[in-house]
Amino acid sequence: MKKLFRPYLTAFLLGALLISTTSCGDDDDPEPIVEEENITSMTLRLEPVATDKGIDPVEATFTAGTTPALNLRSNTQYTATITFNDKIEDEIREEAEDHEIFFEVSEDLVVVQKIIPEDFDSNGRPVGLTTRMVTGNAGGTGDLKITLKHQPDLKNDESDITVGETDVAATFKVTIQ
Amino acid sequence: MKTKPIRKTILFALAMLALPTPQLLAQSLPAPMIGDAEQDCGLTLSGKVLDHDTREPLIGATIYLPELDRATMSDEYGNYHFHQLCRGAYTLQVRYVGYEDEQFAVRLASSLTRDLQLHADARLLRTVEVTGEHLREQAQTQQSISGRELEQTRGLALAETLKGIAGVTTLQTGPTISKPVIHGLHSNRVLLLNNGVRQEGQQWGAEHAPEIDPFIASEMKVIKGAAGVRYGADAIGGVVLVEPKALPTTPGVSGDVYLLGSTNNRQLTTSATVEGNFEKIPPLSWRLQGTLRKAGNAKTPDYYLENTGLREQNFSAALGYNKETYGAELFYSRFSTELGVLRESHIGSVQDLLYAIERGRPSKADNAEFTYDIDRPYQDVQHDLFKAKGFWQLGEAGKLEFVYGWQRNLRQEYDMRRRVSQAPTLQLTLNTHTTEAIFAHKPLGNFTGSVGISTIYQKNTYRYSDFLPYFTGTTAGIFATETWKKNRLQLEAGLRYDYKHLLVKKYEKEDEETSGSKRILIKPEYKFNNLSGTLAAMYDVGYHLTFGLSATSAWRAPGANELFSEGVHHSAAAYEKSNPNLRSEQAYNLEFSVDYFSNPRLNGTLSLYHNYIRDYIYLKPLPEPVLTIRGAFPAFAYTQADATLSGVDLSWDYKIATGLVLDSKTSLLYARNLDTNDYLIYMPANRFDNSLRYEFASADGSKLSDAFVSVGGVYVARQNRAPEKTEQDYAPAPEGYFLLQAEAGTTLHVGKQPIEVGITGNNLLNTVYRDYLNKQRYFADELGRMLLLRVRVPLKF
């Protein structure tokens with residue numbers, strides 16, 4: 001009996017090790033991942049509503065970890081337009097019912113009005129890609145926080161910045177001259 | 001009343017059969033003299049044979065006097081007599097079916113009455129009793145769930161099933177995802193053995209539930225504490241063994257069908273098993289098993305949780321050919337599940353998390369409705385297991401066993417996306433081959449033991465996201481254990497050596513200033529090796545009391561995720577930084593336990609443990625947040641520190657009256673980070689689980705049998721032992737809570753067909769609560785009241 005099983009024993013003990021060693025021949029390397037839908041930058045462009053006063057448009061681009069400066073003219077009405085890398089604003093416009101951009105800034109500094117009809121979604125709710133900004137008196141400085149929220153099935157008359165998922169949270173340093 | 005005398009007669013007849021005939025003949029032999037000068041040979045030794053615990057007389061027990069080679073038997077009142085004995089020392093050997101053989105020393109100077117108390121045989125009891133009792137095989141605490149206790153958990157996820165064991169809790173991500181936590185440790189630190197094969201899925205993730213269908217199990221065992229010697233590296237926290245019942249050995253086809261339904265998430269589950277054995281080829285047997293499970297949105301006392309449904313389809317097949325001296329078994333199983341993840345919990349930034357905590361309930365709580373539909377975010381996981389096992393009884397030498405397992409784990413995570421796409425956001429494929437060969441030698445004197453070798457080869461690949469890199473891991477281990485047993489003392493020792501090789505392939509950003517966003521492929525290589533050991537002693541005091549003391553160790557090499565995953569973890573709202581320089585963790589576990597078992601009234605197990613982990617790997621908060629386009633994320637880096645986890649598990653039951661049992665479980669845990677001199681985060685809170693069960697006596701021929709009702713509750717204290725010095729948590733630990741639970745069940749007999757029915761009610765008071773170890777406690781409450789109905793129909797074809 002013992003003699004009969006000895007070959008089995010050796011064969012299986014060896015087999016145990018063999019399986020692991022033979023399957024080690026893996027030379028395939030991973031392909032780099034192309035990350036498609038990342039938002040990497042947000043550009044805020046302010047153009048004076050009155051074009052005849054010789055006020056220059058202002059533009060600043062936010063990327064992660066930065067606080068770009070915006071030097072604005074006092075008591076001026078601007079039309080503010082937000083764009084992103086890779087023209088992601090077009091996608092946002094397509095899904096306007098699920099997106100909204102929120103602005104947080106001291107009213108003494110800038111008053112943000114979401115009143116541009118072409119900015120509204122099909123439910124008549126603003127998106128925030130285009131807004132009116134009215135600056136305060138000269139000498140004021142402070143932060144303008146802009147948050148893009150993805151609010152699928154959540155965007156309605158009561159929804160605010162606290163619901164949904166944040167896609168971009170940008171801060172600009174505003175100085176009124 | 002009528003049956004009693006008959007039963008006595010049967011017992012008497014059985015005992016007659018059990019009595020060795022030569023001893024009966026020996027009764028008439030003349031008594032030899034025992035070395036004493038004074039001759040007095042007219043003494044009588046008499047008494048009763050009693051059950052030690054119930055004090056009931058035992059009828060037909062054999063009492064043998066080896067010195068005189070005389071034997072007698074207890075009568076129908078349990079009395080025995082020996083007449084015409086001389087003075088001297090005698091031994092009474094008593095034997096009775098269902099009881100342990102016992103010896104009593106008697107010094108006879110005059111006629112004497114001596115009652116003989118026998119202890120019920122625990123080994124025999126175990127086969128009779130459905131649940132509860134156990135025979136200790138090793139010093140380290142090992143507890144199991146089987147029989148009726150397991151039946152009552154049917155329809156729950158694997159980890160939930162194990163909650164019935166003191167010291168075992170769960171780590172949850174909402175109602176669909178839970179994983180077992182043993183003595184505060186989980187994920188990579190708890191090994192799962194699915195049908196004897198080490199489960200290799202993506203177990204590193206806190207939100208990755210074990211890919212095992214609990215319906216395949218007829219027993220689930222939990223080894224609490226480090227068990228590295230037998231089960232290999234990584235078993236720092238403990239081991240869960242999911243064991244199916246043995247394949248049938250008697251000819252015929254049988255099976256069972258389960259039907260389950262629940263309120264709340266409207267779960268519908270059906271599971272069926274068919275198994276058979278061939279009359280013409282008796283060694284050949286087979287089993288087919290399948291489970292379908294489906295649940296919709298779960299409901300808290302106040303609102304539905306959006307997107308918390310699940311779907312599961314599992315099947316398994318087994319084929320066995322077993323002879324006495326050799327045998328082989330093939331097993332294949334597929335587990336596939338889709339798990340919905342609470343929509344609300346997918347957030348974009350820490351600010352979103354803070355908004356959610358402040359809001360206190362999901363933003364769509366009022367509008368969420370019931371549906372079985374599962375939408376993004378969800379997980380789709382498929383796990384295949386193929387196992388081949390063989391054994392040879394090598395004559396006098398011992399038994400050789402060989403197990404090969406192949407597993408493929410395919411994990412797809414579908415997170416929220418802004419662009420419409422059918423593709424997952426993350427896909428991981430893990431292929432694992434495991435082998436194990438064990439040789440258990442025949443008992444040599446007082447020694448029993450085994451030696452073995454095992455190997456693991458695994459390869460992980462990804463698509464769509466490189467959160468976890470490609471890696472190839474090769475592990476080889478060799479171990480030996482020996483048990484020495486003499487009389488009441490058992491000593492155990494074991495040693496194991498493991499070697500692990502890890503090759504990682506990962507794209508990494510080159511120095512950003514020189515090459516911008518260009519990425520290069522790096523291939524770091526790691527080698528880990530270490531020893532695991534066991535030293536343990538068990539002492540059987542007698543009177544159904546056993547003491548155990550064990551010192552065990554295990555180690556764990558850092559996982560590929562801890563070494564190389566980096567990025568934002570959306571569900572956790574944290575930026576995790578891996579650390580390629582991590583060392584292996586080493587755990588030393590000391591346990592003292594007392595077991596008081598197989599007693600008629602009070603039974604219990606007390607276990608005190610102390611687990612010291614050197615270089616425990618955990619996420620340490622970094623002072624500076626990581627700034628992303630979505631805002632600032634708190635950053636955590638994988639760090640190592642020495643940690644201790646000490647605690648107490650106590651489970652006991654007390655029979656108050658016939659049929660009425662109080663069952664109580666207590667788990668306490670105290671975990672410290674020795675380097676920061678603070679508590680460890682995310683450790684289970686103190687937990688008390690008590691229930692009162694009444695089992696109805698079933699009359700013969702009745703249409704109902706095994707009927708019971710039970711009422712109980714679990715109280716989970718607030719986790720006051722959360723880190724204080726470093727603010728790691730976004731919200732304080734939730735308040736403690738009490739949940740009222742009740743159960744009832746019976747077996748209906750429709751003709752010859754038994755049908756088991758049961759109903760379980762969880763959170764009957766509809767208590768609003770949150771649990772510290774649920775990752776979604778920031779977003780929503782736990783489930784409200786749920787009734788689970790269960791029908792099992794055993795079938796004989």
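These questions and answers walk through a predicted model with chains A and B.

Reader: Let's start with strand S4 of chain A. Which side chains of S4(A) point to the buried face?
Author: The side chains of this strand, residues 77-84, alternate between two faces. On one face sit A:Gln77, A:Thr79, A:Thr81 and A:Thr83, which are not buried. The buried ones point to the other face, and they are A:Tyr78, A:Ala80, A:Ile82 and A:Phe84.

Reader: How many bridges join strand S1 of chain A to S4(A)?
Author: S1(A) covers residues 41-48, and these two strands run antiparallel. One pairing to look for is A:Arg45 with its bridge partner A:Thr81 in S4(A). The number of bridges joining S1(A) and S4(A) is seven.

Reader: And what is the bridge partner of A:Ala80 in S7(A)?
Author: Strand S7 of chain A, residues 130-135, runs antiparallel to S4(A), with five bridges joining them. In S7(A), the partner of A:Ala80 is A:Thr131.

Reader: Which element gives the most residues to the largest nonpolar core?
Author: This core has 33 residues, and A:Leu44, A:Phe84 and A:Phe172 touch the most other members. Elements of chain A that give two or more residues to the core include S1, S4, helix H2 (88-94) and strand S9 (165-176). The one that gives the most, with five residues, is S9(A).

Reader: A:Phe84 has come up twice now. Which residue of those in contact with A:Phe84 is a valine?
Author: Leave aside the neighbours within four places in sequence, and A:Phe84 still touches several residues. Among them are A:Ile39, A:Met42, A:Ile92, A:Leu129 and A:Leu148. The valine in that list is A:Val168.

Reader: On to charges. How far apart are the closest N and O atoms of B:Asp352 and A:Lys149?
Author: The whole structure holds 45 salt bridges over all chains, and B:Asp352 forms one of them with A:Lys149. B:Asp352 lies in helix H7 (residues 350-359) of chain B and A:Lys149 in strand S8 (residues 141-150) of chain A, so the pair joins two chains. Both residues are buried. Their closest N and O atoms are 2.5 Å apart.

Reader: What covers the buried residues of H7(B)?
Author: The buried residues of this helix are B:Val350, B:Asp352, B:Leu353, B:Tyr355 and B:Ala356. The cover includes parts of both chains: strand S35 (631-633) of chain B, together with three strands of chain A, namely S5, S8 and S9.

Reader: Which residue caps the N-terminal end of H7(B)?
Author: Look for a side-chain oxygen that lies 3.3 Å from the backbone nitrogen of B:Gln351. After the helix you'll find B:Gly360, with a positive phi near 80°. The residue that caps the N-terminal end is B:Ser349.

Reader: Is B:Lys221 buried or exposed?
Author: B:Lys221 meets B:Glu243 in a salt bridge, 3.8 Å from N to O. The pair links distant parts of the chain, 22 residues apart, with B:Lys221 in strand S14 and B:Glu243 in strand S15 of chain B. B:Glu243 has a relative accessible area of 26%, so it counts as partly exposed. B:Lys221 is at 19%, and because the cut-off is under 20%, B:Lys221 is buried.

Reader: How many residues apart are B:Arg287 and B:Glu275?
Author: Both are buried, and they form a salt bridge with closest N and O atoms 2.7 Å apart. B:Arg287 is in strand S18 and B:Glu275 in strand S17 of chain B, and their separation along the chain is twelve residues.

Reader: B:Arg70 is buried yet has no salt bridge. Which residue's backbone oxygen does its side chain reach?
Author: B:Arg70 lies in strand S3 (residues 70-73) of chain B. The nearest side chain of opposite charge, B:Asp69, is 9.4 Å away. Instead, look 2.8 Å from the side chain of B:Arg70, where you'll find the backbone oxygen of B:His83.

Reader: Last one: what is the relative accessible area of B:His119?
Author: B:His119 is found in the loop between strand S8 (116-118) and helix H3 (122-128) of chain B. Leaving aside neighbours within four places in sequence, its contacts include B:His52, B:Tyr99 and B:Tyr543. B:His119 is buried, with a relative accessible area of 9%.

How values were computed
Residues numbered from 1 in each chain as written. Chains lettered and ligands numbered in written order. Predicted model: local features only at pLDDT ≥ 70, side-chain atom pairs only at ≥ 80, totals over all residues. Heavy atoms only, no water. Buried < 20%, exposed > 50% of the residue type's maximum accessible area, 1.4 Å probe, protein only. Helix = DSSP H or I, 4+ residues; strand = E, 2+ residues; numbered from the N terminus. Pairing = 2+ DSSP bridges. Salt bridge = Lys/Arg side-chain N within 4 Å of Asp/Glu carboxyl O. Lys, Arg positive; Asp, Glu negative; His and termini not counted. Polar contact = N/O pair within 3.5 Å; in protein donor to acceptor, adjacent residues only side chain to side chain. Core = buried A, V, L, I, M, F, W, Y, C linked by side-chain atoms within 4.5 Å. Contact = heavy atoms within 4.5 Å.
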